[in-house]
Amino acid sequence: MSRWKELPAELHPHVHQLIVRLRRLKDHSELSTRQLAAKTGYSAKSWQRYLNGRSLPPREAVEAMARVGGDDPHRLLAMHEIAAQRWAEGRAVTTDTPEDFSATPEHTSTEQQPYGRHLRVALTAGAVVTALSVSAALLLAVRLTEARAQLAHDRSDAVATALATVSESMVPVIYTCRLEQRDGRWYAGLSRTTDILLSNTHVGLEVAEAQCLLHRAGTAPGEIDGVFGPMTRRAVERMQKQNGLIVNGVIDPPTWQALREAAPQ
């Protein structure tokens with residue numbers, strides 16, 4: 001059994017609960033962080049940050065951990081959604097207590113306080129509330145920006161076998177599907193994989209292979225461009241629903257099997 005470091009005390013209880021659950025799944029799988037990286041597409045350093053509470057794992061990483069550890073992905077993703085909201089709100093936001101404006105002046109009784117003073121107190125209190133609201137909004141925006149930057153860093157830090165992701169510098173490519181059946185399975189001539197995980201923003205030959213098989217199965221994803229975008233995700237969800245699979249929009253081993261073996265529509 002792994003001996004884990006104590007999680008940061010400032011973590012929100014929902015975030016703490018998610019990380020503890022991920023730690024148990026890793027222990028149950030008996031995999032090292034390097035082996036876990038190879039199976040999930042997220043680097044060993046990324047998993048060290050996730051499992052020690054230094055950064056929040058993305059949805060795809062949590063889903064991959066559920067499969068590796070044999071856990072229910074729906075329950076784990078629900079925990080992740082709640083934890084992500086708490087993470088964005090900030091681990092522990094503390095503000096100075098506003099000055100007590102209700103104190104009575106030394107030489108003025110409660111009955112004799114002028115109307116103008118009450119108005120000034122109300123206006124000042126309103127300004128304090130507005131300032132706190134703006135600060136909270138700015139903090140949330142910063143957290144979201146940090147989360148996006150962290151996700152981009154995790155992707156670039158992934159192991160060598162990890163898939164590429166969409167970038168603005170990529171030149172659009174249209175692939176040709178060369179469908180053939182071997183040993184009862186269909187192939188499009190672009191990749192022979194049966195277990196690599198594909199989801200939003202992934203690009204490459206594996207994505208193009210899946211798009212060809214989706215088109216053959218009657219759930220066309222649009223152009224065969226090797227880019228896993230919204231149209232491809234919707235096509236995957238339709239195909240999963242037709243085949244009685246978990247509808248998550250991610251091409252996982254069960255979805256690959258259904259694509260390889262599906263009868264043409």
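**Exercise 1. Decide whether Y50 is buried or exposed in this predicted model, and then work out which rings it pairs with.**

Solution. Begin with the accessibility of Y50: its relative accessibility is 0%, and it therefore counts as buried, since the cut-off for that word is under 20% relative accessible area.

Next, turn to the ring pairs, of which the structure holds two. In one of them, Y42 and Y50 lie 6.5 Å apart, centre to centre, with 65° between the planes, and the pair is edge-to-face, because planes over 60 degrees apart are given that name. Both Y42 and Y50 are buried. W47 and Y50 also form an edge-to-face pair, with 5.4 Å from centre to centre and 85° between the planes.

Then consider where W47 and Y50 sit along the chain: they are three residues apart in helix α3 (residues 44-51), so about one helical turn separates them. In general, an α-helix has 3.6 residues a turn, so residues three or four places apart point the same way. W47, like Y50, has 0% relative accessibility and so counts as buried.

Finally, put the pairs together: Y42, W47 and Y50 are linked by ring pairs into a cluster.

**Exercise 2. Describe the span of helix α7, and find which of its residues are buried and what they pack against.**

Solution. Take the span to start with: helix α7 covers residues 205-216, which makes 12 residues, and the distance from its first C-alpha to its last is 17 Å, close to the 16 Å expected at 1.5 Å a residue.

Now look at burial, where α7 proves to be mostly covered, with nine of its 12 residues buried. These are V207, A208, E209, A210, Q211, C212, L213, L214 and R216, a list that includes the charged residues E209 and R216.

The partners come next: the buried residues of α7 pack against the strands β3 (185-187) and β4 (202-203), and against the helices α8 (230-242) and α9 (253-261). After α7 comes G218, whose phi is positive, near 95°.

**Exercise 3. Locate L31 and determine which residues it touches beyond four places away in sequence.**

Solution. First place the residue: L31 lies in the loop between α1 (13-29) and α2 (33-40). Its relative accessible area is 15%, and L31 is therefore buried.

Setting aside residues up to four places away in sequence, L31 touches K26, L36, K39 and V68. As a last step, compare sequence with space: L31 and G69 are 38 residues apart in sequence, while their C-alpha atoms are 9.6 Å apart.

Notes:
Residues are numbered from 1 along each chain as its sequence is written. This is a predicted model: local features need pLDDT of at least 70, side-chain atom pairs count only at pLDDT 80 or more; totals for chains, interfaces and linings use all residues. Side-chain values use heavy atoms; hydrogens and water are left out. Rings of Phe, Tyr and Trp (its six-membered ring) pair if their centres lie within 6.5 Å; planes under 30 degrees apart count as stacked, over 60 as edge-to-face and the rest as tilted. Buried means under 20% relative accessible area, exposed over 50%, partly exposed in between (1.4 Å probe, protein chains only). Helices (H or I, at least four residues) and strands (E, at least two) are DSSP runs, numbered from the N terminus. The expected span of a helix is 1.5 Å times one less than its number of residues. Contact means heavy atoms within 4.5 Å.
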